[in-house]
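Here's a quick tour to read alongside the viewer. Have the sequence handy as well.

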Amino acid sequence: MPERGSAKRFVLWMLWAVALFWADQFSKDWILQHYQLGDYTPITGFFNIVRAHNPGAAFSFLAAAGGWQRWLFTGIGVVVALVITWQLWRHSANTLFCLALSCIMGGAIGNVVDRMRHGYVVDFLDFYWGTAHFPAFNIADVAISTGAFLLILDELLRMRRAKATG
């Protein structure tokens, strides 16, 4: 059972995930309204806003798999969101851990909603060097990557604390 008073923290973590989800969905809807597939706007010498569709996973993994991957990645996203909700409830007082999980959940749900609505994830952030382009991504992907980084940081700090006291 979570510590006393942590229900409020749980709600805050869920609100953070919802805020990331809405920022992601708003940005994707804006791209869908203002860009055709493949259209882009140069912003700097290494960054474009582009409309891209990704039916696969990270870095277009399984993008050409024939459609079944949509349901696989949707299912994984739903399971991840349920497990994260449970973890946020159980550990709501652990700030860095919960921030990481909230970021991952908000991003995962954003991409799941895309898969359900469109059959693909809308990507629009395009970084490149010369003619080499990093795969386009979106706010959900940034949230998931940030969350993964924070999880690693949280674990390294936890190990450091355990070593110092152990």
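Which residues does Ile84 touch, not counting those up to four places away in sequence? In this predicted model, Ile84 touches Leu101, Ile104 and Met105.

## The lay of the land

Let's step back to the whole chain for a moment. It holds 4 helices and 4 strands, and reading along the sequence you get α-β-β-α-α-β-β-α. Of its 166 residues, 37% are buried.

Take the contacts between residues at least 6 apart in sequence: 65% of them join residues at least 24 apart. As for the outside, the chain exposes about 9900 Å², and carbon and sulfur atoms supply 70% of that area.

## Two nonpolar cores

Back to Ile84, which belongs to the largest nonpolar core, along with the three partners named above. This core has 11 residues, and the other members are Phe10, Trp13, Ala17, Ala81, Leu88, Phe97 and Cys98. Three helices, α1 (6–34), α2 (68–90) and α3 (95–118), each put in at least two residues. The top contributor is α3, with 5 residues.

There's also a second, separate core, made of 9 residues. Among them are Ile31, Ile49, Val122 and Phe124.

## Strands around β2

Now find strand β2, residues 47–54. This strand is mostly covered, with 6 of its 8 residues buried. On one hand β2 pairs with β1 (residues 40–42), in the antiparallel sense and over 3 bridges. The two make a hairpin, with 4 residues between them. If you want a spot to zoom in on, Pro42 stands opposite Asn48 in β2.

β2 also pairs with β3 (residues 121–129): 6 bridges join these two strands, and they run antiparallel. Here you can pick out Asn54, whose bridge partner in β3 is Val121.

## A greasy spot on the outside

Not every nonpolar side chain is tucked into a core. Val11, Leu12 and Leu15 make a nonpolar surface patch of about 290 Å². Leu15 lies in helix α1, a helix that also supplies residues to the largest core.

Is Leu15 buried, partly exposed or exposed? Its relative accessible area is 49%, so Leu15 counts as partly exposed, given that exposed means over 50%.

Methods. Residues are numbered from 1 along each chain as its sequence is written. This is a predicted model: local features need pLDDT of at least 70, side-chain atom pairs count only at pLDDT 80 or more; totals for chains, interfaces and linings use all residues. Side-chain values use heavy atoms; hydrogens and water are left out. A nonpolar core is a set of buried Ala, Val, Leu, Ile, Met, Phe, Trp, Tyr and Cys residues joined through side-chain atoms within 4.5 Å. Buried means under 20% relative accessible area, exposed over 50%, partly exposed in between (1.4 Å probe, protein chains only). Contact means heavy atoms within 4.5 Å. Two strands pair if DSSP finds at least two bridges between them. Patches are made of residues with over 30% relative accessible area and no salt bridge: like charges are joined within 9 Å, nonpolar side chains (Val, Leu, Ile, Met, Phe, Trp, Tyr) within 5 Å. Accessible areas come from the Shrake-Rupley method with a 1.4 Å probe; for residues, only the protein chains shown count as cover. A salt bridge is a side-chain nitrogen of Lys or Arg within 4 Å of a carboxyl oxygen of Asp or Glu.
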